[in-house]
Amino acid sequence: MTVSASSTSSAPIESTFARNQSSDLSNSPPPRPNRPKPNHLKLTYDIVMIIAISIDLLLIGIDAILMSGFSRDAAQWLTLSEALNWYQSNIHDSLRTAGGFFTLFLIVELLLRWAIAIKEKVYYRWFFFPFVHWYEVLGCFPQLRALRLFRAVIIGRRLYQLGYQVLPQPWINRINFYIDLLLEELSDRVILTTIQTFRQQLTDPKMHKSFIESTIARNRNEIEAAVLSLLRKELAPKLQALTESSGGGTIIATEMGNAIKEGLANTPELRRYLRMIPIAGSLIESQLQHVGHNIGENVVYALNERLLDAERLDALMVAIASGVAQIDTDNSALDTLISSIIADSLNEFEAQIKVQQWKHQDMLRL
């Protein structure tokens with residue numbers, strides 16, 4: 001009794017603990033996706049490099065703007081020509097010298113990373129490094145310093161994948177939106193051009209005939225399977241219904257019996273010979289017509305049971321489908337049908353491509 005009482009008293013405590021634990025788990029934030037553990041030294045180096053490259057590109061952009069003719073005209077209009085001339089005579093050369101030292105630093109840094117990649121066998125061949133990092137190699141040239149932006153972008157993407165918020169999330173969403181917009185517009189133009197080229201090729205009779213022949217030749221098995229499926233689904237049940245004692249089978253059997261009965265009634269020789277028999281001639285004639293009617297019905301039922309047997313009917317369907325699949329492509333009606341199907345398909349596909357999906361996104365609702 002004591003054991004049962006203790007177990008009974010401990011049950012509410014365990015249930016309360018379980019509820020508290022489940023509530024703590026439900027209130028806890030969802031686990032973050034597994035990310036590779038960053039190398040802190042490499043991470044620090046990437047952060048330093050992205051800051052240095054950003055500063056370098058910022059100074060290059062400011063210098064290019066201040067050394068342009070537009071800045072000179074704007075300075076004259078704002079009466080700041082003396083300040084602009086002081087910058088061009090005193091600061092410009094210093095910035096160019098600093099940019100030259102930074103370019104040398106990038107060259108040395110690139111060579112060191114190349115050597116490290118060779119030592120650690122990062123790539124399959126030692127000379128793959130400059131091809132993989134082509135934007136860094138070209139960015140070392142003063143005329144192509146804008147390509148250094150690629151490295152800053154790649155470093156920022158790597159930091160973002162490691163879970164560091166390099167840019168505000170609204171900026172990232174808008175950048176992704178415009179990238180998707182650009183890719184969608186480019187892909188749409190390529191697809192629409194391809195459709196127009198394909199249409200022009202189909203205007204050639206030889207090309208059109210060759211396309212139809214090759215399409216049917218490649219899909220004869222599929223055509224046969226589709227036709228056989230339709231015959232089994234639509235035609236076979238209707239033919240098998242003829243063997244039933246009700247419905248279409250009764251109608252055909254009755255009509256066949258009536259036809260034989262009318263044939264006997266419209267045979268003058270038979271009627272003349274039967275009427276030569278006294279008293280029983282007319283009775284024999286009516287019974288003979290009734291027997292003929294029954295014979296017609298029984299013949300129809302017997303033929304239906306033999307000719308519309310499930311195995312024979314399926315073999316007939318297979319033979320019909322095989323014959324349809326071997327259709328001759330030199331057929332004007334077939335050519336018109338396939339041409340219409342191709343034209344309708346291209347029109348529908350083109351209409352779907354012309355729908356600009358990016359216009360329906362919330363990013364445009366400013």
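**Close-up views of a predicted model**

**Figure 1. Enclosed space inside the protein.** A search for enclosed space finds 2 cavities of 30 Å³ or more. The model behind this and every other view is a predicted one. Rolling a probe the size of a water molecule over the atoms shows where empty space is left. The largest cavity holds about 80 Å³ of space. Which residues line the largest cavity? Its walls are built from Ile53, Leu106, Glu109, Leu110, Arg113, Tyr135, Glu136, Gly139, Cys140, Leu147, Arg148 and Arg151. Two or more of these lining residues come from each of H4, helix H6 (134-139) and helix H7 (148-161). H4 is the main contributor, giving 4 residues to the lining of the largest cavity. Sorted by class, the lining of this cavity has 6 nonpolar, 1 polar and 5 charged residues.

**Figure 2. Thr103 in helix H4.** Here we look at Thr103, which sits in helix H4 (residues 81-120). Is Thr103 buried or exposed? Its relative accessible area is 8%, and because the cut-off for buried is under 20%, Thr103 counts as buried. Setting aside neighbours within four places in sequence, the contacts of Thr103 are Cys140 and Arg148. Cys140 and Arg148 also appear among the residues that line the largest cavity.

**Figure 3. His92 and Ile107, two more residues of H4.** His92 is part of helix H4. His92 has a relative accessibility of 12%, so it is another residue that counts as buried. Apart from residues up to four places away in sequence, His92 touches Asp63, Met67 and Tyr87. Of these, Asp63 is one of the buried residues of H2. Ile107 also belongs to helix H4. How does Ile107 fare for cover? With 32% relative accessible area, Ile107 is partly exposed, because that value falls between the limits of 20% and 50%. If you would like a distance to check, the C-alpha atoms of Ile107 and Phe141 are 9.5 Å apart, with their positions 34 residues apart along the chain.

**Figure 4. Helix H2 and its buried residues.** Helix H2 (40-66) has 27 residues. From its first C-alpha to its last, H2 reaches 39 Å, close to the 39 Å expected at 1.5 Å a residue. Which residues of H2 are buried? They are Leu43, Asp46, Met49, Ile50, Ile53, Asp56, Leu57 and Asp63. An α-helix has 3.6 residues a turn, so residues three or four places apart point the same way. It is worth keeping that in mind while following the numbering of the buried set. The buried residues of H2 pack against H4 and H7. Ile53, one of the buried residues of H2, is also in the lining of the largest cavity.

**Figure 5. The largest pocket.** Now for open space: the largest pocket has a volume of about 680 Å³. Its lining is made of 23 residues, and those nearest its centre are Lys42, Tyr45, Asp46, Arg113 and Ile116. Asp46 is among the buried residues of H2, and Arg113 is also one of the residues lining the largest cavity. At least two lining residues each come from H2, H4, H6 and H7. Which helix supplies the largest share of the lining of the largest pocket? It is H4, with 8 residues. The lining of the largest pocket contains 13 nonpolar, 2 polar and 8 charged residues.

**Figure 6. The second largest pocket.** The second largest pocket offers about 490 Å³ of space. It is lined by 15 residues, and Val153, Gly156, Arg157, Leu167 and Ile175 are the closest to its centre. H2, H7 and helix H8 (169-202) each provide at least two residues of this lining. H7 has the largest share, with 6 residues. By class, the lining of the second largest pocket divides into 11 nonpolar, 3 polar and 1 charged.

**Figure 7. The protein around the close-ups.** To place these views in their setting, the protein contains 15 helices and 0 strands. It has 366 residues, of which 21% count as buried. Among contacts with a separation of 6 or more, 69% join residues 24 or more positions apart. The exposed surface of the protein comes to about 26500 Å², and carbon and sulfur atoms supply 65% of it.

Methods. Residues are numbered from 1 along each chain as its sequence is written. This is a predicted model: local features need pLDDT of at least 70, side-chain atom pairs count only at pLDDT 80 or more; totals for chains, interfaces and linings use all residues. Side-chain values use heavy atoms; hydrogens and water are left out. Buried means under 20% relative accessible area, exposed over 50%, partly exposed in between (1.4 Å probe, protein chains only). Contact means heavy atoms within 4.5 Å. On a 1 Å grid over the protein atoms alone, a cavity is a set of points where a 1.4 Å probe fits but cannot get out, and a pocket is an open set with protein on both sides within 12 Å along at least five of seven lines; lining residues have an atom within 4 Å of a point. Grid points are joined across faces, edges and corners, and a volume is the space filled by probe spheres set on the points. Ala, Val, Leu, Ile, Met, Phe, Trp, Tyr, Cys and Pro count as nonpolar, Asp, Glu, Lys and Arg as charged, and the others, Gly among them, as polar. The expected span of a helix is 1.5 Å times one less than its number of residues. Accessible areas come from the Shrake-Rupley method with a 1.4 Å probe; for residues, only the protein chains shown count as cover.
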